[in-house]
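Trainee: I would like a close look at one aromatic residue and at the surroundings in which it sits. Could you take me through it carefully, with the cut-offs stated as you go?

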Amino acid sequence: MLRNLAIYIIALCLLTACPDTAPVRENEMVNRWVYSIMEENYLWSHEMPEEGELEADSHPETYFGRLLYKIPGDLSSDRFSRIEYVGDAENYPRREEDTEYGFEAVTYNFGMEIGFGQSSSIYFCHVLMVAPNSPAKKAGVERGYCFQKINGQQITSKTQLEALLSGSTTIEIDFIYPVEKTVSIRKEYYSDSPVHFDSIYNLAPVTGYLVYTHFTDGNNNSYYNELRNVFAKFVQAGVENIILDLRYNGGGELTAARRMASLLAPPRYLGEIYLYKERNSSYGDPGRFESETLYTSSQMNGYNCGDISLYIITGSTTASASELVIHCLRPLYDGAGLKFVQVGAETYGKNVGGTVYASNRYEWEVSPITLRVYDINKVSGYEDGLRPDISSVERHNLLQLPSGEYVIPVGDWGDIQNELMLQDVMNDIYGYGGWTALLPTDGTRAAARARTATALTQAPEKEASTVKVYPLIESRVVIP
């Protein structure tokens with residue numbers, strides 16, 4: 001009788017999945033799946049502990065952390081692999097897969113990047129970029145708008161700013177420059193094209209300008225088609241210089257980076273190798289690195305602009321796929337005897353990429369680093385960032401409004417007179433002030449600024465921004 005009762009209790013436990021043990025059993029299954037992915041694909045898989053040395057039932061985030069190759073202070077070790085719980089549909093909306101590698105991610109936020117600055121006891125915030133189709137754009141917010149308060153709170157730190165932006169569904173901002181208005185913005189789902197702004201400056205030599213904000217091809221290559229349309233205009237105008245503005249581009253897809261590089265590469269290199277990938281199977285062995293080629297001339301179908309001078313504007317959040325394009329195009333321009341100039345600030349420093357692994361069985365997504373990027377000379381080593389040839393900043397000095405409040409405005413996209421980084425590029429192309437023929441003759445913008453604000457001598461002591469760095473995504477794999 002007792003034996004039958006024991007059997008009954010065991011059977012009941014199995015049928016009801018015993019709440020105390022179910023999470024443990026699930027952790028074991030998820031961790032086993034995670035280990036198999038890492039063992040096969042992780043760049044530093046040779047440094048991983050043996051599976052038997054790990055606690056199989058530990059929380060997946062803890063388990064994953066113990067697999068990573070991390071050396072404090074060593075920028076060449078792993079700083080970017082991640083695991084995420086994606087069972088929360090609100091924070092992880094469905095992604096529509098379309099291209100060979102890529103997908104268009106739907107974003108859920110306010111849709112603006114904000115700069116925060118401090119000078120002694122003076123604090124200020126300014127809008128650096130507003131995403132198309134975003135809630136901020138729909139609310140009429142523009143680049144250059146300045147404010148000091150959100151929801152009535154004076155912003156005194158970047159941490160406070162980020163907490164308000166991440167923790168609030170709706171925010172109210174009192175803008176004080178260049179217009180005074182209060183705007184209420186609610187988070188929404190949206191997708192935005194990386195082709196943010198483009199212009200052609202018809203002053204000999206003709207110059208094309210493109211602000212590109214993330215490396216994404218879009219569903220059905222929609223974003224890539226927009227990009228090609230811009231380059232079609234550049235080709236038709238006969239541009240001799242191209243300015244590619246990547247200062248707020250935190251990265252994206254390897255396929256999109258390859259396409260951008262093919263549009264910009266000297267024509268003699270089309271169809272040729274432009275980068276190498278180091279994987280765990282070739283770790284430390286350059287002779288076994290995997291190569292990747294640019295698209296051929298026929299594949300580019302006339303969208304490549306030919307032998308041009310290339311200027312790339314960068315900032316501290318220029319990262320990942322953006323750095324790949326800079327690092328891998330420079331030796332091609334050097335080889336072709338063409339001018340290649342990086343203008344701005346030192347970049348973030350991310351010379352590795354990865355693959356996103358999802359499962360139809362588990363509500364976890366694993367993104368291990370699976371490759372390191374090298375140029376055609378098999379040189380990498382920009383873990384601490386790519387340094388500019390011409391240092392430049394986009395910030396003006398602090399301005400004091402008649403009301404006594406302080407702001408630090410930035411120029412509109414393409415506004416040479418007030419957009420300082422673009423101005424430094426134009427000075428290099430046309431000589432100092434040689435671009436003034438492109439300015440409007442009425443001086444409206446400069447006059448308005450003189451009436452509303454007084455420049456101070458001190459520059460900001462501390463500045464930061466909410467711009468995010470994105471992984472270099474090689475592919476996304478969904479495992480049944």
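Where does Phe80 stand, buried or exposed, and what is its relative accessible area?

Mentor: Phe80 is buried, with a relative accessible area of 17%, where buried means under 20% relative accessible area, exposed over 50% and partly exposed in between, with a 1.4 Å probe and protein chains only. This is a predicted model, in which local features need pLDDT of at least 70 and side-chain atom pairs count only at pLDDT 80 or more, while totals for chains, interfaces and linings use all residues. Residues are numbered from 1 along each chain as its sequence is written, and side-chain values use heavy atoms, with hydrogens and water left out.

The partner to consider is Tyr348, which counts as partly exposed at 37% relative accessibility. The ring centres of Phe80 and Tyr348 are 6.3 Å apart and the planes stand at 50°, so the pair is tilted; rings of Phe, Tyr and Trp (its six-membered ring) pair if their centres lie within 6.5 Å, and planes under 30 degrees apart count as stacked, over 60 as edge-to-face and the rest as tilted. Phe80 lies in the loop between helix H3 (60-65) and strand S1 (82-85), and Tyr348 in the loop between strand S18 (340-344) and strand S19 (352-359), so the pair ties together parts that are 268 residues apart in sequence. Helices (H or I, at least four residues) and strands (E, at least two) are DSSP runs, numbered from the N terminus. The structure holds 16 aromatic pairs, and ring pairs also link Tyr42, Trp44 and Tyr69 into a cluster.

Such a link across the sequence can be set beside the contact statistics: residues 24 or more positions apart account for 73% of the contacts in the protein with a separation of 6 or more, a contact being heavy atoms within 4.5 Å. The protein has eleven helices and 27 strands, and of its 480 residues 52% count as buried.

As for the wider interior, the largest nonpolar core has 50 residues, of which Leu210, Tyr212, Phe231, Met260, Leu324 and Leu329 touch the most other members; a nonpolar core is a set of buried Ala, Val, Leu, Ile, Met, Phe, Trp, Tyr and Cys residues joined through side-chain atoms within 4.5 Å. Helix H9 (321-336) is among the elements giving two or more residues to this core, and H9 supplies the largest share, nine residues. A second, separate core of 23 residues includes Tyr35, Met48, Leu54 and Trp364.

Within the first of these cores, Leu329 touches Ala261, Leu264, Ala265, Leu310 and Phe340, not counting residues up to four places away in sequence. Ala261 and Leu264 are among the buried residues of helix H7, and ten of the eleven residues of H7 (residues 254-264) are buried, so this helix is largely enclosed by the rest of the structure. The structure holds zero disulfides, a disulfide being a pair of cysteine sulfur atoms within 2.5 Å; the cysteine sulfur nearest to that of Cys125 belongs to Cys146 and is 9.1 Å away.
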